[in-house]
Amino acid sequence: MAAAQERLSDGAGGMDDAKDAKEGDLDGSSTVPPPFRAAVDALRAARLRPQIEVEQTKAPQRLAPYAYALEAAVVDGDQDLADGRLVLLHDPAGHDAWRGSFRLVTLVRAELEPEMAADPLLPEVCWSWLTGALQARGLSYGEPSGTVTRASSHYFGGLSERPAASQIEIRASWTPREGLGGVPDTGAHLASWCDLLAQVAGLPPAGPGDASVVTLPQRRDPQSR
């Protein structure tokens, strides 16, 4: 999961790190705010489509007093079609840029056909996949911010036999609206994020309610695991 190992950037404020909330702290420490503990519990309990492998990873530091991170990959056999990272941030005192006490920050990456990467509308379409995934599940959120980046690699010399490769990368952040007890529905936000991962990976819609989703065609040469 190369993309999941890179440093995240929060589009809302240009922040690069966040304090890690260790699993032992969450399970046993009375200093962890109950809303954050409940939000993390909802992430752990979320049920996701089987093609997506999700696991906890170390959260970046100094973004917020509390943070919890997950990394995920869309898997087809022994190949990763897309991967990414999702970080939940919490500041009990609230944050002016977030306009709330929680923030979700994400990085998603996948390989593309070069012809598709050249489409001038691709960045706008990819951003609409993120907002559409949240709206499709009826989620309320605010202050969305982020970037969509296209990159192409061409190989020379001893690597000249490799075909040109193109990649799409989505970096984004948004504020999930808080519900009962000041806790956002993080499980549903995680499911929406996985919908985005699946869409970028070119998987078919997960169910009848997702028939309007526009997916990418199958990648020519998915990354081997």
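This is a short dialogue on reading a predicted model of one protein chain.

User: Start with the overall layout. How many helices and strands does the protein chain have?

Analyst: Count the elements, then read their order. This predicted model has five helices and seven strands. Along the sequence the pattern runs α-α-β-β-β-β-α-α-β-β-α-β.

User: What share of the 225 residues is buried?

Analyst: Burial is read from relative accessible area, with under 20% as the cut-off. Here 46% of the 225 residues in the protein chain are buried. The surface is the other side of the picture. About 10,700 Å² is exposed, and carbon and sulfur atoms supply 50% of that.

User: And the contacts? What percentage join residues at least 24 apart?

Analyst: Take contacts between residues at least 6 apart in sequence. Of these, 68% join residues at least 24 apart.

User: Now the interior. Which residues touch the most other members of the largest nonpolar core?

Analyst: Look for the hubs. The core holds 41 residues, and Val74, Leu88, Trp193, Leu196 and Val200 touch the most other members. Then ask which elements feed the core. Those giving two or more residues are helices H2 (34–45), H4 (122–136) and H5 (186–201), with strands E2 (66–76), E3 (79–95), E4 (100–112) and E6 (165–176). H5 gives the largest share, nine residues. Another core, of nine residues, lies apart from this one; Ala59, Leu63, Leu89 and Trp98 are among its members.

User: Take one hub. What does valine 74 touch?

Analyst: Leave out residues up to four places away in sequence. Valine 74 then touches Gln51, Ile52, Gln79, Asp80, Leu81, Ala82, Leu197, Ala198, Ala201 and Leu203.

User: Back to H5. How many of its residues are buried?

Analyst: Check cover first, then geometry. H5 is mostly covered, with 16 of its 16 residues buried. From first C-alpha to last it reaches 22 Å, close to the 22 Å expected at 1.5 Å a residue. Glycine 202 follows H5, and its phi is positive, near 90°.

User: Is threonine 186 in H5 buried or exposed?

Analyst: Threonine 186 lies in helix H5. Its relative accessible area is 0%, so it counts as buried. Outside its sequence neighbourhood of four places, threonine 186 touches Ala39, Ala42, Leu43 and Leu88. A C-alpha distance adds to the view. Threonine 186 and alanine 38 are 148 residues apart along the chain, yet their C-alpha atoms are separated by 9.1 Å.

User: Which rings form an aromatic pair?

Analyst: Read two values: centre distance and plane angle. The count is one aromatic pair. Phenylalanine 36 and tyrosine 66 sit 5.6 Å centre to centre, with 40° between the planes, and the pair is tilted. Phenylalanine 36 is in helix H2 and tyrosine 66 in strand E2, so the pair ties together parts 30 residues apart in sequence. Phenylalanine 36 is buried, at a relative accessible area of 0%.

User: Where does the charged end of arginine 162 sit?

Analyst: Look for a ring beneath the charge. The charged end of arginine 162 sits over the ring of tyrosine 155, 5.4 Å from the ring centre.

User: One last residue. Why does aspartate 91 count as buried?

Analyst: Compare its accessibility with the cut-off. Buried means under 20%. Aspartate 91 has 16% relative accessibility, so it counts as buried. Aspartate 91 lies in strand E3. Setting aside residues up to four places away in sequence, aspartate 91 touches Pro65, Trp98 and Ser101.

Conventions: Residues numbered from 1 in each chain as written. Predicted model: local features only at pLDDT ≥ 70, side-chain atom pairs only at ≥ 80, totals over all residues. Heavy atoms only, no water. Core = buried A, V, L, I, M, F, W, Y, C linked by side-chain atoms within 4.5 Å. Buried < 20%, exposed > 50% of the residue type's maximum accessible area, 1.4 Å probe, protein only. Helix = DSSP H or I, 4+ residues; strand = E, 2+ residues; numbered from the N terminus. Contact = heavy atoms within 4.5 Å. Areas by Shrake-Rupley, 256 points an atom, 1.4 Å probe, with all protein chains shown as cover. Expected span 1.5 Å × (residues − 1). Phe/Tyr/Trp six-rings, centres within 6.5 Å; stacked < 30°, edge-to-face > 60°. Lys NZ or Arg CZ within 6 Å of the ring centre and 35° of its normal.
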